[in-house]
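Colleague: Could you walk me through reading this structure, feature by feature? I would like the general idea and then the case in hand.

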Amino acid sequence: MTAKYETVFALSVKTYADEEALTGAVEKFKKLMTDNGAVIDKVDVWGKRRMAYAVNYETEAYYVLVEFTSDVNFPAELERNYRITEGVLRSLVVRK
């Protein structure tokens, strides 16, 4: 059984200071999705934005939105990877 999802994650400006590191992090999550059978519909890098409140003493983060279709069990694995990846300040996975 598959469903459509979208995820937004905020990456630390300190950890991903240059464009190459940011691109690498986005590619890492895209590869995780495709390796687990997800089909990526859209990737939208919003860039650096001010956060509503400080997280780990940081007031800005890089935001990325990804829309994908996957098995219903995959979002739990994606959230687990967000939690263990250094530099991910916040993340959200929502079923559309």
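Modeller: Gladly, and let us begin with a single tyrosine. Beyond its neighbours within four places in sequence, Tyr16 is in contact with Leu11, Ala21, Leu22, Ala25, Tyr62, Thr85, Glu86 and Gly87. Bear in mind that this is a predicted model.

Colleague: Where is Tyr16 found, and is Tyr16 buried or exposed?

Modeller: Tyr16 belongs to the loop between β1 and α1. Its relative accessibility is 10%, so Tyr16 counts as buried, the cut-off being under 20%. For a sense of distance along the fold, Tyr16 and Phe74 are 58 residues apart in sequence, and their C-alpha atoms are 26 Å apart in space.

Colleague: What about Thr15: which residues does Thr15 touch?

Modeller: Thr15 is also placed in the loop between β1 and α1. Not counting residues up to four places away in sequence, Thr15 touches Glu86 and Gly87. With a relative accessible area of 36%, Thr15 is partly exposed. Thr15 and Ser91 are 76 residues apart in sequence and 16 Å apart in space, C-alpha to C-alpha.

Colleague: Leu11 appeared among the contacts of Tyr16. What is the relative accessible area of Leu11?

Modeller: The value is 0%, so Leu11 is buried. Leu11 lies in strand β1. Leaving aside neighbours within four places in sequence, the contacts of Leu11 are Tyr16, Leu22, Ala25, Ala61, Tyr62, Gly87, Val88 and Leu89. Along the chain Leu11 and Ser91 are 80 residues apart, yet 8.9 Å separates their C-alpha atoms.

Colleague: Tyr62 is on that list too. Which element holds Tyr62, and which residues is Tyr62 in contact with?

Modeller: Tyr62 lies in strand β3. Setting aside neighbours within four places in sequence, Tyr62 is in contact with Phe9, Ala10, Leu11, Ser12, Val13, Tyr16, Ala17, Leu22, Gly47 and Lys48. Tyr62 counts as buried because its relative accessibility is 12%. Tyr62 and Leu89 are 27 residues apart in sequence, with 9.6 Å between their C-alpha atoms.

Colleague: How should I think about nonpolar cores in general?

Modeller: In soluble globular proteins, nonpolar side chains tend to be buried together. Here the largest nonpolar core has 22 residues, and those with the most contacts inside it are Leu11, Met33, Phe68, Leu78 and Tyr82. Two or more residues of this core come from each of β1 (2-12), α1, β3 (58-71), α2 and β4 (88-95). The most come from α1, which gives 6 residues. A second, separate core has 6 residues, including Met51, Val55, Ala61 and Leu89.

Colleague: Next, the helices. How does one describe two that pack together?

Modeller: Two packed helices are described by the angle between their axes and the distance between the axes. In this model, helix α1 (residues 19-35) and helix α2 (residues 74-84) pack at an angle of about 155 degrees, and their axes are 11 Å apart. The two helices are therefore roughly antiparallel to each other, since the angle is over 145 degrees. The crossing of α1 past α2 is right-handed.

Colleague: Which residues make the contact?

Modeller: From α1 there are Phe29, Leu32 and Met33, and from α2 there are Phe74, Leu78, Asn81 and Tyr82. Sorted by class, the contact has 6 nonpolar residues, 1 polar and no charged ones.

Colleague: Asn81 catches my eye. What does Asn81 touch, not counting residues up to four places away in sequence?

Modeller: On that basis, Asn81 touches Phe29 and Leu32. Asn81 is found in helix α2, and counts as buried because its relative accessibility is 12%.

Colleague: One last topic: backbone angles. What should I expect of phi?

Modeller: Most residues other than glycine have a negative phi, and most peptide bonds are trans. Against that background, look at Asn56, with a positive phi near 55 degrees, and at Tyr57, with a positive phi near 65 degrees.

Colleague: Where is Asn56 placed, and where is Tyr57 found?

Modeller: Asn56 is in the loop between β2 (39-55) and β3, and Tyr57 is found in the loop between β2 and β3 as well. At 57% relative accessibility, Asn56 counts as exposed. Tyr57 is exposed too, with a relative accessible area of 80%.

Methods: Residues numbered from 1 in each chain as written. Predicted model: local features only at pLDDT ≥ 70, side-chain atom pairs only at ≥ 80, totals over all residues. Heavy atoms only, no water. Axes fitted to C-alpha atoms, helices over the stretch in contact; angles between N-to-C directions. Helix = DSSP H or I, 4+ residues; strand = E, 2+ residues; numbered from the N terminus. Parallel < 35°, antiparallel > 145°, perpendicular 65-115°, else oblique. Left-handed = near helix turned anticlockwise from the far one by under 90°. Contact = heavy atoms within 4.5 Å. Nonpolar A, V, L, I, M, F, W, Y, C, P; charged D, E, K, R; others polar. Core = buried A, V, L, I, M, F, W, Y, C linked by side-chain atoms within 4.5 Å. Buried < 20%, exposed > 50% of the residue type's maximum accessible area, 1.4 Å probe, protein only.
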